[in-house]
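Here's a quick walk through a fold, written for someone who'd rather be at the bench. Have a look at the model first, then read on.

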Amino acid sequence: MAAPVTRGAATRGQEDGDGNPSGAAVVSSEDSKDCILEPLSLPGSPGGPTTAEGPSRVPCIFCEEHVPVAEQDQLLKHMIIEHKMVIADVRLVADFQRYVLYWRKRFTEQPITDFCSVIRINSTAPLEEQDNYFLLCDVLPEDRVLREELQKQKLKEILEQQQQERNDNSFRGICMFCNAEFLGNRSVLLNHMAREHAFNIGLPDNIVNCNEFLCILQKKLDNLQCLYCEKTFRDKSTLKDHMRKKQHRKINPKNREYDRFYVINYLVSLSLHNLKFDCISSNKSLRAI
């Protein structure tokens, strides 16, 4: 989609003539670097219009449409079609729900063009056939700081959860392969499956939200789905024979659904953000991460 881009936040000094929009959390001019004037106020917990629906739902930035957090792609599609809003690098946003709640509030305080680049499509067509889309991305310092803070907050929460699980001796779980029951620390069950059934999902100390992880894997097996190739079989015996003969007693490394259960992914994600922001601040060219 080739189109001329007008950078809303970075060039609004040119558009407005004075470069000093009132009430803004970010100021800019042609000769000065954008900066954050005050600390961002992150939503401590999901609220607003999602409270009545429960904390697992996220609203549209502009209207009352809301979807479960797990279906964020549907919300992104809705915002593109209905509101012509595009969020760049959304997969790098650590907490999509808080991110949306933050910008939902900010867009009620200032015009959208104070924050977003304006992308005009069909620019060579007649005026009535042209259209504008709005791009929200981390070129805007306020968005960049928000993404950084969400990354740090998410990492803090994950590390606290990991430590709690490592010290928890009240864990109770059942082996997915022999139905043996294990009590105590989660490592007892995970080590059993690795040792007795050659099913290794990683070191226990590297895993977070272990109960949810095991429930997802168990559900797949209950649905007669191979954990590695993810093919579905007609009965349990056929599935077990397949996983044994094909040596498919492992998870699919290409399934991104599992990424959130490994602490290393949160550390790497934060590092990628820092690398990206360092390159931007140094005015270096950066490939999409």
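## The annotated stretch

UniProt, in an unreviewed entry, lists residues 224-253 as "domain: C2H2-type". What you're looking at is a predicted model, and in it that span is 33% helix and 0% strand, with its end C-alpha atoms 19 Å apart.

The span opens with Leu224, which sits in the loop between H6 and H7. Leu224 is buried, at a relative accessible area of 17%. Its backbone is a bit unusual: most residues other than glycine have a negative phi, yet phi of Leu224 is positive, near 60°.

## The chain overall

Zooming out, the protein chain has eight helices and ten strands. Of its 289 residues, 42% count as buried. If you take the contacts with a separation of 6 or more, 52% of them join residues 24 or more positions apart.

## H3, boxed in

So how much of H3 is buried? Ten of its eleven residues are, so the helix is largely enclosed by the rest of the structure. The buried set isn't just greasy side chains: among them are Gln97, Arg98, Arg104 and Arg106, alongside residues such as Phe96, Val100 and Leu101. As for what does the enclosing, the buried residues of H3 pack against strands E4 (57-59), E6 (85-87) and E8 (131-136), plus helices H2 (72-83) and H4.

The pairing with H4 deserves a closer look. H3 (residues 96-106) and H4 (residues 141-167) pack at an angle of about 145°, and their axes are 10 Å apart. The crossing is right-handed. On the H3 side, the contact uses Arg98, Tyr99, Tyr102, Trp103 and Arg106; H4 brings Glu142, Asp143, Leu146, Arg147, Leu150, Gln153 and Glu157. Sort those residues by type and you get six charged, five nonpolar and one polar.

## Around H3: Asp89, Leu92 and Glu82

The loop between E6 and H3 holds a couple of residues worth clicking on. Asp89 is found there, and it has a positive phi of about 50° although it is not a glycine. With a relative accessible area of 28%, Asp89 is partly exposed.

Leu92 has its place in that loop between E6 and H3 too, but Leu92 is buried, with a relative accessible area of 8%. Its C-alpha atom is separated by 8.2 Å from that of Arg147, 55 residues apart along the chain. Arg147 is one of the H4 residues in the contact with H3.

Over in helix H2 you'll find Glu82. Is Glu82 buried or exposed? Glu82 is exposed, because its relative accessible area is 52% and the cut-off for exposed is over 50%. Its C-alpha atom and that of Cys63, 19 residues apart along the chain, are separated by 9.7 Å.

## Two nonpolar cores

In soluble globular proteins, nonpolar side chains tend to be buried together. Here, the largest nonpolar core has 26 residues, and the members touching the most others are Met193, Phe199, Ile201, Phe213, Leu214 and Leu217. Helices H5 (186-197), H6 (210-222) and H7 (236-245) each supply at least two residues, and H6 gives the most, with six.

Which residues does Phe213 contact, leaving aside its neighbours within four places in sequence? They are Ile201, Ile207, Ile251, Tyr258, Phe261 and Tyr262. There's also a second, separate core of 25 residues, which includes Ile87, Trp103, Val118 and Leu140. Trp103 ties this back to H3, where it is one of the residues in the contact with H4.

Terms used: Residues are numbered from 1 along each chain as its sequence is written. This is a predicted model: local features need pLDDT of at least 70, side-chain atom pairs count only at pLDDT 80 or more; totals for chains, interfaces and linings use all residues. Side-chain values use heavy atoms; hydrogens and water are left out. UniProt positions are given in the numbering used here, feature names are shortened, and annotations may be inferred rather than shown by experiment. Helices (H or I, at least four residues) and strands (E, at least two) are DSSP runs, numbered from the N terminus. Axes are lines fitted to C-alpha atoms, for helices over the stretch in contact, and angles run from 0 to 180 degrees between N-to-C directions. A crossing is left-handed if the near helix is turned anticlockwise from the far one by less than a right angle, and right-handed if clockwise. Contact means heavy atoms within 4.5 Å. Ala, Val, Leu, Ile, Met, Phe, Trp, Tyr, Cys and Pro count as nonpolar, Asp, Glu, Lys and Arg as charged, and the others, Gly among them, as polar. Buried means under 20% relative accessible area, exposed over 50%, partly exposed in between (1.4 Å probe, protein chains only). A nonpolar core is a set of buried Ala, Val, Leu, Ile, Met, Phe, Trp, Tyr and Cys residues joined through side-chain atoms within 4.5 Å.
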